[in-house]
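Here are my notes on the complex, in the order I'd go through it on screen. Have the structure open while you read.

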Amino acid sequence: MTEMPNLYLPEMATIIETVQETPTIKTFRLVLNNEQRMKDFHFEPGQVGQLSVFGTGEATFVINSPPTRKEYLQFSVMRAGEVTARLHSLNSGDQVGVRAPLGNWFPYEDMKGKDIVFIGGGIGMAPLRTLMLFMLDNRADYGNITLLYGARSPVDMAFQYELPEWLGREDLKTTLTIDNPAQGWEHRVGLIPNVLLEMEPSAKNSVAITCGPPIMIKFTLQALKKLGYKDEQIITTLEKRMKCGVGICGRCNIGTKYVCVDGPVFSYAQLKELPNEL
Amino acid sequence: MAQAKFLKEADLAAWLGELAKGRKVLVPQKDGDAVVFKPWHEGVKPVLDRQATESPKKAVFPASEKLFRFSYIKDPENPGKVRVELEEPEKPEPALVFGGRPCDARGFLIFDRVYDSPKTRDSYYVARREATAFVTLACPEASNTCFCHAVGSGPADTAGSDALMTPVEGGYVLEAISPKGEELLKSPLLSDAGDKLAQAERVKAQAVESLPPAPDFAGSPEALMARFDDMGFWENASAKCISCGACTYLCPTCYCFSITDEESGMKGVRMRSWDNCMSYQFTLEASGHNPRPTKAHRLKNRVGHKFSYYPLIHKGAIACCGCGRCIKSCPVSVDIREIVTMAIEAAPTAEESAQPQGAKQ
């Protein structure tokens, strides 16, 4: 081949640890086999990567470890199709391919000095985790940081091993919620948009960052509007059936925008400008 | 430009023989009722009197190509440990596309802006593009499905070609367009064009005159965006469509693809294959959600991509070369010219634009 980087050739990586987060979500911690590449690997919070299981294919996931913590790259994978099913069968020591970083990232520079409200639903907590930990690692740059994280039931809540730390931090106001009451659950019960309305986070000098199932996003947006958030104060991430990840293969376009290179992060103001094809 | 050359009809086979030394020469040839580009060998007579059924797209962008091979290799000392080796394919061999039409060569210019941009260089595409030359035949006459002149091209367009050949009495006038073309024209079989060049110019001029009036696509990017939410329009436009995808596979400018793995035991290949936006599976997500659930949504994307999104991204360049194959070979005669023209003519008024999704014209 000619002397130019091969956009489609994954780097080999080794899974060093896995965590069964929920019955359907498994987290993979991995390091690139090339030590120097791992040291030099640079990404921004919100960027995604394609994980390969050779023989089955590739799928796109957010890198949910923050760039401030570089001992491994973390991906949380919800079992949904063929690639994710085979990924779920892998364990420590297994090899995967990685094409990363891809896509844009959260505009964290523009958020400096502002209050931040994270609203995550289910696996939608993964991209938020990246940015939230990044901000906590650069705590002085941001105002109040609030997290509202919800799942259907306690067992569907990912990152449980981190929740005590998040709940215990004085510089992070964490609220957890589940859809219906459950035995032993000591936190909120109720759908995310309703809990958000009760929490009433001020829209003044704030940015809300939300990610979750489409139905949750829809009602969360309505709640944020009620709370006075303007379109440009709301940020989310999109998913599509991405293949190439570099803006060529033609699957993930919404009009002139390609989610794999122009996204996955968009403000609600940007989303409203896009043709109606989500 | 280098001096124009003349090739006698009788010397065509000999010249192809010279060109085929050290490179694969693809020429249009009969395959059943179709005319397709296949490697030339002694005895093959290229079909030059009509447009080929398919475009020579696969010369640079194969219908299916290996991105790399993978092998799972067990560690004999530690059977539980398995490593993976990846192996990239060999450099592509030099190739020449002979006897394609100007629309065919122009098709690759539309690829180039996406596959070989300052931001993104697709190494597989770029390597094949560099290894491939185009000796293009100017069209002496137009078919009723031709509309190259409506998308900025013409029957003697040289854009994307390395040499242009024009049929004249007794043979062909050959003109080099690029340094690659100049090299190709160094054959002793070719003589100076002399007064044949004037004849070639007349043939080219007549070809232009033979074209029907060009549909006016000015304003198509905005007009199609304005119709985006008008699903009545798109359901009407796609009513006949059977989602077969022939239009995309025959199109010289359709460049979408899929990536799939093929595994056999401990080895396999990762393939890139043509894919098409007219298929339901193209955008079907693992969750079961499909942002383009009906053929109306999918045809909207195909027409929109060519005449709206691509031009909006690439300074007005339309992602269509006007070859007309999507019309000629469509089993139900969907005509992209009509759809774009209807969208432009049906450009909504300001009040209409404010109507909710699904509003009809």
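1. Start with strand 7 (residues 115–121) and strand 8 (residues 145–151) of chain A: these two run parallel and are paired over six bridges. If you want one spot to click on, take A:Ile119, whose bridge partner in strand 8 of chain A is A:Leu148. Keep in mind throughout that this is a predicted model.

2. Zooming out, that pair belongs to an open sheet of seven strands in chain A, ordered 10-9-8-7-11-12-15, with mixed pairing. The edges are strand 10 (188–189) and strand 15 (265–267) of chain A; each has a single partner strand, so one side of each has no neighbour in the sheet.

3. How far should you trust the model? The predictor assigns the complex an ipTM of 0.93 and a pTM of 0.93. Chain B has an average pLDDT of 93, and 95% of its residues score at least 70. The stretch to treat separately is residues 356–361 of chain B, where pLDDT stays under 50. For that stretch the model has 15 contacts beyond four places in sequence.

4. On to the interface. On the chain A side, 40 residues are in contact with 52 residues of chain B. Interface size is often quoted as the accessible area lost when the parts come together. Here chain A and chain B bury about 4,000 Å² between them, and 58% of that is on carbon and sulfur atoms.

5. As for polar pairings, 23 residue pairs are in polar contact between chain A and chain B, counting pairs with both residues at pLDDT 80 or more. The side of chain A that touches chain B breaks down into 18 nonpolar, 14 polar and eight charged residues. The elements giving two or more residues to that side are strand 3 (48–53) and strand 4 (57–62) of chain A.

6. Which charged side chains meet across the interface? The rule finds four salt bridges between chain A and chain B. One to look at is B:Asp275 with A:Arg251, whose side chains meet at 2.4 Å, N to O.

7. Last, a local detail inside chain B. B:Gln199 sits in helix 5 (residues 196–210) of chain B. Setting aside neighbours within four places in sequence, B:Gln199 is in contact with B:Val168 and B:Glu169. What does the side chain of B:Gln199 reach on B:Glu169? A polar atom of that side chain lies 3.0 Å from the backbone nitrogen of B:Glu169.

How values were computed: Residues are numbered from 1 along each chain as its sequence is written. Chains are lettered from A and ligands numbered from 1 in the order in which they are written. Side-chain values use heavy atoms; hydrogens and water are left out. Contact means heavy atoms within 4.5 Å. Buried area is the accessible area (1.4 Å probe) that two parts lose on being put together, summed over both. A polar contact is a pair of N or O atoms within 3.5 Å; within protein, one must be able to donate a hydrogen and the other to accept it, and residues adjacent in sequence count only if both atoms are side-chain atoms. Helices (H or I, at least four residues) and strands (E, at least two) are DSSP runs, numbered from the N terminus. Ala, Val, Leu, Ile, Met, Phe, Trp, Tyr, Cys and Pro count as nonpolar, Asp, Glu, Lys and Arg as charged, and the others, Gly among them, as polar. pLDDT is the predictor's confidence in each residue, from 0 to 100. Two strands pair if DSSP finds at least two bridges between them.
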